[in-house]
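Student: Hello! I have a protein model open on my screen and would like to learn how to read it. Could you guide me through it?

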Amino acid sequence: MRNVYALALAGVLTAAIAGCGSGSTNSASTTTPAASTSAQGPYGGASKSAAATSATAVVVTTKHSKVGTILAAGPKHKTVYLFEADKGPSSSCTGTCEHAWPPLTAASATASAGAQQAHISTITRPDGVKQVTYNGHPLYFFARDGDAGDAYGQGVKAFGASWYVLTPAGQKIDTD
């Protein structure tokens with residue numbers, strides 16, 4: 001009987017050890033074919049460490065929503081937001097904020113379907129990771145958005161300022 005318990009405990013420990021290191025991070029971008037899929041984060045893209053070390057790219061596109069045509073990004077076409085606390089092309093969302101509002105990170109970005117390539121750029125976050133900007137606004141996802149149809153972060157006030165979706169011209173949509 002003792003051997004059965006020892007074997008069961010060994011199996012549990014092996015599974016626990018195998019699961020270590022598979023935690024997710026909070027960034028989003030699509031990886032290029034050359035990038036490893038094991039380095040992906042929860043939003044279908046590269047993790048912070050992968051974004052800093054491997055070639056990643058993301059596509060910024062448009063989609064139709066209840067408030068009009070807005071920007072989206074990544075393989076799941078999730079809504080992206082601007083944070084009014086950001087001053088110029090730098091991010092004010094770090095720490096706890098980036099768990100609720102994961103930054104759109106990628107080494108590079110391209111425009112598609114109505115988004116304008118001239119508005120796309122990147123900045124370097126305090127942790128050294130590249131974050132995508134649009135018309136000078138650092139872009140973020142909202143953790144509660146589960147699929148392409150969601151825009152639950154629109155007009156939310158959190159972390160000291162409001163969050164808004166953007167038009168293809170790079171302007172916030174304020175529905176208040």
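Tutor: Gladly! We begin with a definition: a residue is buried if its relative accessible area is under 20%, and exposed if that value is over 50%. Keep in mind that this is a predicted model.

Student: How many residues of strand 8 are buried?

Tutor: Four of the five residues in strand 8 are buried, so by the under 20% cut-off this strand is mostly covered.

Student: How do I read the sheet around strand 8?

Tutor: The general idea comes before the case. Strands of a sheet pair through backbone hydrogen bonds, either parallel or antiparallel. Here, three strands make an open sheet in the order 7-8-9, and their pairing is antiparallel.

Student: Which strands stand at the edges?

Tutor: Strand 7 (120–124) and strand 9 (137–138) do. Each has a single partner strand, so one side of each is left without a neighbour in the sheet.

Student: How many bridges join strand 7 to strand 8?

Tutor: There are five bridges between strand 7 and strand 8. Look for threonine 122, whose bridge partner in strand 8 is valine 132, and for threonine 124, which stands opposite lysine 130. The hairpin of these two strands has five residues between them, and glycine 128 has a positive phi near 90° there.

Student: What about strand 8 and strand 9?

Tutor: Those two pair over two bridges, again in the antiparallel sense. Tyrosine 134 is opposite histidine 137 in strand 9. The hairpin has two residues between the strands, and asparagine 135 takes a positive phi near 55°.

Student: Which residues have the most contacts inside the largest nonpolar core?

Tutor: Val60, Leu104 and Val132 do, in a core of 17 residues. Strand 2 (56–65), strand 3 (68–73) and strand 8 (130–134) each give two or more residues to this core. If we set aside neighbours within four places in sequence, the contacts of valine 60 include Leu71, Leu104, Ile120, Val132 and Tyr134. Another core lies apart, with 13 residues, among them Tyr140 and Trp163.

Student: Trp163 has an aromatic ring. How do I describe two rings that meet?

Tutor: A pair of aromatic rings is described by the distance of the centres and the angle of the planes. The count in this model comes to seven aromatic pairs. Take tyrosine 81 and tryptophan 101: their ring centres are 5.4 Å apart and their planes at 80°, so the pair is edge-to-face. Tyrosine 81 is in strand 5 (residues 81–83), while tryptophan 101 is in the loop between helix 3 (96–100) and strand 6 (108–111), so the pair ties together parts that are 20 residues apart in sequence.

Student: Are tyrosine 81 and tryptophan 101 buried or exposed?

Tutor: Both tyrosine 81 and tryptophan 101 are buried. They also belong to one aromatic cluster, together with Phe83, Tyr140, Phe142 and Trp163. Elsewhere, a charged side chain meets a ring: arginine 144 lies over the face of tyrosine 152, at 5.9 Å from the ring centre.

Student: Which cysteines does the disulfide join?

Tutor: The one disulfide in the structure links cysteine 93 to cysteine 97, with an S to S distance of 2.0 Å. Its torsion about the S-S bond is about -110°, so the disulfide is left-handed. Cysteine 93 is buried at a relative accessible area of 0%, and cysteine 97 is buried at 3%.

Notes. Residues are numbered from 1 along each chain as its sequence is written. This is a predicted model: local features need pLDDT of at least 70, side-chain atom pairs count only at pLDDT 80 or more; totals for chains, interfaces and linings use all residues. Side-chain values use heavy atoms; hydrogens and water are left out. Rings of Phe, Tyr and Trp (its six-membered ring) pair if their centres lie within 6.5 Å; planes under 30 degrees apart count as stacked, over 60 as edge-to-face and the rest as tilted. Buried means under 20% relative accessible area, exposed over 50%, partly exposed in between (1.4 Å probe, protein chains only). A charge sits over a ring if NZ of Lys or CZ of Arg is within 6 Å of the ring centre and within 35 degrees of the ring normal. A nonpolar core is a set of buried Ala, Val, Leu, Ile, Met, Phe, Trp, Tyr and Cys residues joined through side-chain atoms within 4.5 Å. Contact means heavy atoms within 4.5 Å. Two strands pair if DSSP finds at least two bridges between them. A disulfide is a pair of cysteine sulfur atoms within 2.5 Å.
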